[in-house]
Amino acid sequence: METLQHDIAAAANFSDDSEDDSQRPTPEEAPIVAGVDQAFDDETATSALVIMQSGEVIERVHATEPTEIPYIPGLLSFREGGAILSAFKELETEPDVVLVDGSGRIHFREAGLATHIGVTLDIPTVGVAKSLLCGQPRRSLSEPLPEGTRVAIEADGDVTAPEGTVIGHAVQTRQYNSDSRYINPLYVSPGHQVSAETAADIVESQSSEYKLPEPTRLADSYAGELTRR
DNA sequence: GCGACAG
DNA sequence: ATCTTGTCGC
């Protein structure tokens with residue numbers, strides 16, 4: 001599994017350059033953004049995909065697959081990847097970018113779930129995680145960050161990338177204006193065919209009332225209501 | 001051996 | 001991820 005991840009990282013493109021920029025949306029048209037999230041029960045994983053454009057849901061699909069392995073930090077792709085790929089087979093729309101719940105380049109071998117899915121399907125992906133798997137924030141995150149702040153996450157000894165490489169960002173999409181209550185940042189990283197900066201830009205552009213970008217939030221609740229039945 | 005660790 | 005009530009703050 002680790003060997004496969006090294007191959008995936010080698011095939012990944014952590015920049016905004018594309019082999020065929022023919023399909024990229026012109027600045028005139030709003031991008032089609034997908035959100036994916038999984039929910040589990042005793043022995044299956046259900047993946048929910050929500051596709052949005054201009055604030056509207058234009059397609060929604062899901063798929064369920066048996067859970068093969070337990071959760072192991074660094075190997076999430078092998079637990080959730082199958083169901084996600086099955087859900088994509090049901091999809092008719094071609095998203096311009098996919099927001100994946102989990103890390104992309106912020107991963108020991110630079111091959112988190114978002115990167116795994118992006119390389120496998122050859123589509124642009126962004127990793128959106130609620131906690132940090134590895135890497136070192138450029139500055140302390142112990143104090144609440146103001147809304148709109150982003151702090152670079154650099155590779156340290158736990159990551160295959162050269163030390164100091166920016167592998168993602170802590171992104172504060174929402175924040176309270178209170179002393180006793182605060183919101184933690186999201187950890188955004190490139191999955192495939194997207195740079196660390198663009199990944200953070202996309203997440204910010206898709207977030208509005210809540211901390212999570214809208215496609216991710218809707219996929220989250222959709223997956224939840226599918227499994228609790 | 002010890003610590004750290006997406007969902 | 002999942003198990004769940006109360007509680008804080010606008």
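A polar contact is a pair of N or O atoms within 3.5 Å. The exercises below apply this and related criteria to a predicted model.

**Exercise 1. The surroundings of DNA strand C**

Task: Identify which residues surround DNA strand C, and state which kinds of atom on the strand are reached by Phe 40, Ser 180 and Arg 181.

Solution.

Step 1. List the neighbours. Ala 39, Phe 40, Lys 130, Ser 180 and Arg 181 are the residues around DNA strand C.

Step 2. Sort them by class. This surface has 2 nonpolar, 1 polar and 2 charged residues.

Step 3. Examine the phosphate oxygens. Ser 180 places a polar side-chain atom 2.5 Å from a phosphate oxygen of DNA strand C. Phe 40 approaches through its backbone, an N or O atom of which lies 3.2 Å from a phosphate oxygen of the strand.

Step 4. Examine the bases. A polar side-chain atom of Arg 181 is found 3.1 Å from a base oxygen of DNA strand C.

**Exercise 2. The surroundings of DNA strand B**

Task: Determine what share of the DNA strand B atoms within 4 Å of the protein belongs to sugar or phosphate, and describe the contacts with base nitrogens.

Solution.

Step 1. Establish the neighbourhood. There are 18 residues around DNA strand B, and those that come nearest are Tyr 71, Gly 74, Asp 101, Ser 103 and Lys 130. By class, the surface near this strand divides into 9 nonpolar, 6 polar and 3 charged residues.

Step 2. Apportion the DNA atoms. Within 4 Å of the protein, 51% of the atoms of DNA strand B belong to sugar or phosphate, and the rest belong to bases.

Step 3. Inspect the base nitrogens. A backbone N or O atom of Leu 76 lies 3.1 Å from a base nitrogen of DNA strand B. For Leu 113, a backbone N or O atom likewise lies 3.1 Å from a base nitrogen of the strand. His 107 uses its side chain, in which an N or O atom is 3.5 Å from a base nitrogen.

**Exercise 3. Salt bridges**

Task: State how many salt bridges are counted, and work out where the partners Arg 174 and Glu 147 lie in the chain.

Solution.

Step 1. Recall the principle. Side chains of opposite charge can pair when their charged atoms come close.

Step 2. Give the total. The count comes to 6 salt bridges.

Step 3. Consider Arg 105 and Glu 110. Their closest N and O atoms are 2.8 Å apart, and both residues are buried.

Step 4. Consider Arg 174 and Glu 147. This salt bridge has its closest N and O atoms 3.9 Å apart. Arg 174 lies in the loop between β8 and β9 and Glu 147 in the loop between β6 and β7, so the pair ties together parts that are 27 residues apart in sequence. Arg 174 is partly exposed at 27% relative accessible area, and Glu 147 is partly exposed at 43%.

Step 5. Consider Glu 204 and Arg 150. Their side chains meet in a salt bridge at 2.8 Å, N to O. The pair links distant parts of the chain, with Glu 204 in helix α4 and Arg 150 in strand β7, 54 residues apart. Arg 150, Asp 201 and Glu 204 are linked in a network of salt bridges.

**Exercise 4. Helix α5**

Task: Compare the span of helix α5 with the expected value, and find the elements against which its buried residues pack.

Solution.

Step 1. Check the span. Helix α5 covers residues 214-227, which are 14 residues, and reaches 20 Å from its first C-alpha to its last, close to the 20 Å expected at 1.5 Å a residue.

Step 2. Select the buried residues. In α5 these are Glu 214, Pro 215, Thr 216, Ala 219, Tyr 222, Ala 223 and Gly 224.

Step 3. Trace the packing. The buried residues of α5 pack against β1, β2, β3, β4 and α4.

**Exercise 5. The setting of Thr 125**

Task: Decide whether Thr 125 is buried or exposed, and find which backbone oxygen its side chain reaches.

Solution.

Step 1. Locate the residue. Thr 125 belongs to strand β5, residues 125-129.

Step 2. Apply the cut-off. Buried means under 20% relative accessible area; Thr 125, at 0%, therefore counts as buried.

Step 3. Examine the surroundings. The side chain of Thr 125 reaches the backbone oxygen of Ala 114 at 2.7 Å. Leaving aside residues up to four places away in sequence, Thr 125 touches several others, among them Val 97, Ile 117, Pro 190 and His 192.

Methods. Residues are numbered from 1 along each chain as its sequence is written. Chains are lettered from A and ligands numbered from 1 in the order in which they are written. This is a predicted model: local features need pLDDT of at least 70, side-chain atom pairs count only at pLDDT 80 or more; totals for chains, interfaces and linings use all residues. Side-chain values use heavy atoms; hydrogens and water are left out. A residue is near a molecule or strand if one of its heavy atoms lies within 4 Å of it. A polar contact is a pair of N or O atoms within 3.5 Å; within protein, one must be able to donate a hydrogen and the other to accept it, and residues adjacent in sequence count only if both atoms are side-chain atoms. Ala, Val, Leu, Ile, Met, Phe, Trp, Tyr, Cys and Pro count as nonpolar, Asp, Glu, Lys and Arg as charged, and the others, Gly among them, as polar. A salt bridge is a side-chain nitrogen of Lys or Arg within 4 Å of a carboxyl oxygen of Asp or Glu. Buried means under 20% relative accessible area, exposed over 50%, partly exposed in between (1.4 Å probe, protein chains only). Helices (H or I, at least four residues) and strands (E, at least two) are DSSP runs, numbered from the N terminus. The expected span of a helix is 1.5 Å times one less than its number of residues. Contact means heavy atoms within 4.5 Å.
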